[in-house]
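Here are a few friendly notes to read beside the coordinates. Have the viewer open as you go through them.

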Amino acid sequence: MGEILGNLATGFVNAVQPLNFLMIVVGLAIGIIAGALPGITMLNSIVLVLPFTYLMGIVPALLLMIGVYCGGVFGGSITGILFNIPGDPMNVPTTWEGYRMSRQGHTQYALGLAIMSSAFGGLVSALFLAFFAPPFARFALSFSTVEFFSVVVFGLASVSVLGQSSMAAALVSLFSGMFLGTIGTEAQYGVERFAFGIPFLKTGVDFVTVLIGLFAIGEVLDQIVGTSSEPAAETPRARAVPRLPLLALWPLRGPLVRGTAVGIAVGGLAGAGATVSSFVSYGLEKQISRTPELFGTGHAGGLVASESSVNGSTGGAMIHLLTLGIPGSAATAVMMGAFLLHGIQPGPLLFTRQTAEVYTIVAGMILANVVMIGLGFLAALSFAMLMKVPPPILNTFIVVFCFLGAFALRNDLADVWLTMLFGVLGFFMRRYDLPIPPLVMGIILGPMAEQYFLTSMVAHANDVSVFVTRPVSAALLAISVVIVLWPVVKRLRQRSRPASAT
Amino acid sequence: MPALARVVAPLAGVIVAVALFAATRGLDDVARGEQLGPGFWPRLVLIGLGLASAAKLVENLRRAAPNDHAVARAGAAGLGGVRRGTLLLAIATIVLYVALTPWLGFPLVTVGFVAAFMMLLAGARSPVAIGAAAVLGTVGLLYVFVKLVYLPLPKGDGAFETMTLALYRGLGIF
């Protein structure tokens, strides 16, 4: 412990050197802005800064990338809360709650909660990385695709079914999303599925087009046709300045701690990442909550759980990279490229051979999450100024931004068409009470579930019993089954009560 | 939701699921040995979609049976209260925006779209505000996405491409 504290102190001294600290701030700023722009993901921005790191030393290079990483996972929440446009798929649960809160006139509160819980999650996960990285990495390595599949199923089940007014409608939406996820060229055999000769469908339906369309375009249409299905904001848009609700976090300590823990745990599983962790954390919170029916209507606990888990996953993902040399996510894979470019091989020996560099990076992560409170506040303030723009102008430019966000994905107008199509679909889904979140979950997590399932089957000679003979997988699947069946059982019990009473 | 839609929509879900299930035939021809083919997972998903749609159909029929008016009050908002003409105009404007972009180029179509959308649909009345928002907004977006993000936005065809390039040069972003 003393040795770790000593190394961490050295790391802090190095990290606050002017160039290193500047890299953290610049990285955070790039990450927050890029994360907030739809279509430009956090991963895109890390890739874009990679060439700029060639001429830097390894420490400033990695601090720049860590800044982009930490800022990028948070940035998408700002536009999600303000405009219902999640910057990244990982920000979707935050958008579900944050935008509703904003519509109810609690924009400042929602933005403040997002900033504070992001920073808390990131900070704790960085400390976890500093103190527990090697033993956690060994534990996480015992997870295989079997457990990953079960984690994804758990995420799908918990968010899709709980709190929905109609389970059948939720499942229709979920399976529709999962089906959309199967369109395009299949990864294992290279076979085209459901493309029907349409060229752009061969590369699949990018889930970002679905997200932008369903959420943003659907919302704009809903507002301009006259009778929005959302409640109107109570406070003037001009008052959308964020505030930092330090004390307000105390009643939400449960979701905050659970979200962070889920973020670290899921982020620490190689291949799972921030998106899975945000959905799992949100779903878990929904199950634990005494008011699950309020999720999706502007629930602060849901926002805090999701947001803390997204940044909580950053430390978890770094554990694999630094201790085992295995990137835990696409973002850390790019960072691994930066290590290798500088002639350093991440892995078990890194902590002993390059102690100063490793602990500078860890200290940099801690600093990045502290600095993010200030920068996140400034960024949210800047974006919130857009809320002063009159609604006619704002709604019009939201459509234009959706165009740009969809086009930026592959420089292809076909994606823009898809976005607009899903926008119209989103409008009708709102109007006819077909829940949107399960569809989004299906298209994001469905392909992951397929990949993990098929890989597990190849590894275990098509023996499906492997999902119930491995304890972690069996427990997660059992909980998922209970979650799906519970509303049915509850309804049957409610029906049998009056019958038995008479 | 109208009574007919309550039956037709989930029934369509069942039919689409069955039709797509049939379309998975042949997908597994490439499967090696005993391995699961690329058609396995979609079939599983489509069975789920078909069953869920059937369950929704049963649910709608059972809910509709006792008291149609009560269901209508408790159910979805549907298109009640929606200005259908406005909705169609909004969709048509968005479709035109995307459809015209390859020919006229992003800058010109965006100026037109912003002006039309604000005026016809978003309720803006001041010509100065509309003009300023359309022109300044488009120029701002061009600076960010062409100059800073290097996004190759559609420049249009023929004379419109020349016009877009001249605009880019004039703005110093090309």
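The points below go from the contact between the chains to the domains of one chain and then to a single residue.

1. A reminder before anything else: this is a predicted model, so please read every value below as computed from it.

2. Let's begin where the two chains meet. On one side, 48 residues of chain A take part, and they are in contact with 54 residues of chain B. Several helices of chain A each bring at least two residues to the side that touches chain B: H8 (167-182), H9 (207-224), H16 (391-410), H17 (413-431) and H18 (436-459). The top contributor to that side of chain A is H16(A), which gives ten residues.

3. What is the make-up of the side of chain A that touches chain B, in nonpolar, polar and charged residues? The split is 32 nonpolar, eleven polar and five charged.

4. Chain B itself is divided into two parts, with domain 1 covering 3-74 and domain 2 covering 84-171. Their C-alpha centres lie 40 Å apart, which you may like to check in your viewer.

5. Now for one residue worth a click: B:Pro10, which sits in helix H1 (residues 3-23) of chain B. Is B:Pro10 buried or exposed? B:Pro10 counts as buried, because 23 C-beta neighbours fall inside 10 Å and the cut-off for buried is 20 or more.

6. Which residues does B:Pro10 touch, leaving aside neighbours within four places in sequence? The contacts are B:Ser53, B:Lys56, B:Leu57 and B:Asn60. For B:Ser53, the C-alpha to C-alpha distance from B:Pro10 is 5.0 Å, although the two are 43 residues apart in sequence.

Methods:
Residues numbered from 1 in each chain as written. Chains lettered and ligands numbered in written order. Predicted model: local features only at pLDDT ≥ 70, side-chain atom pairs only at ≥ 80, totals over all residues. Helix = DSSP H or I, 4+ residues; strand = E, 2+ residues; numbered from the N terminus. Buried ≥ 20, exposed ≤ 12 C-beta atoms within 10 Å, placed from the backbone. Contact = placed C-beta atoms within 7 Å. Domains from an automatic or database assignment. Nonpolar A, V, L, I, M, F, W, Y, C, P; charged D, E, K, R; others polar.
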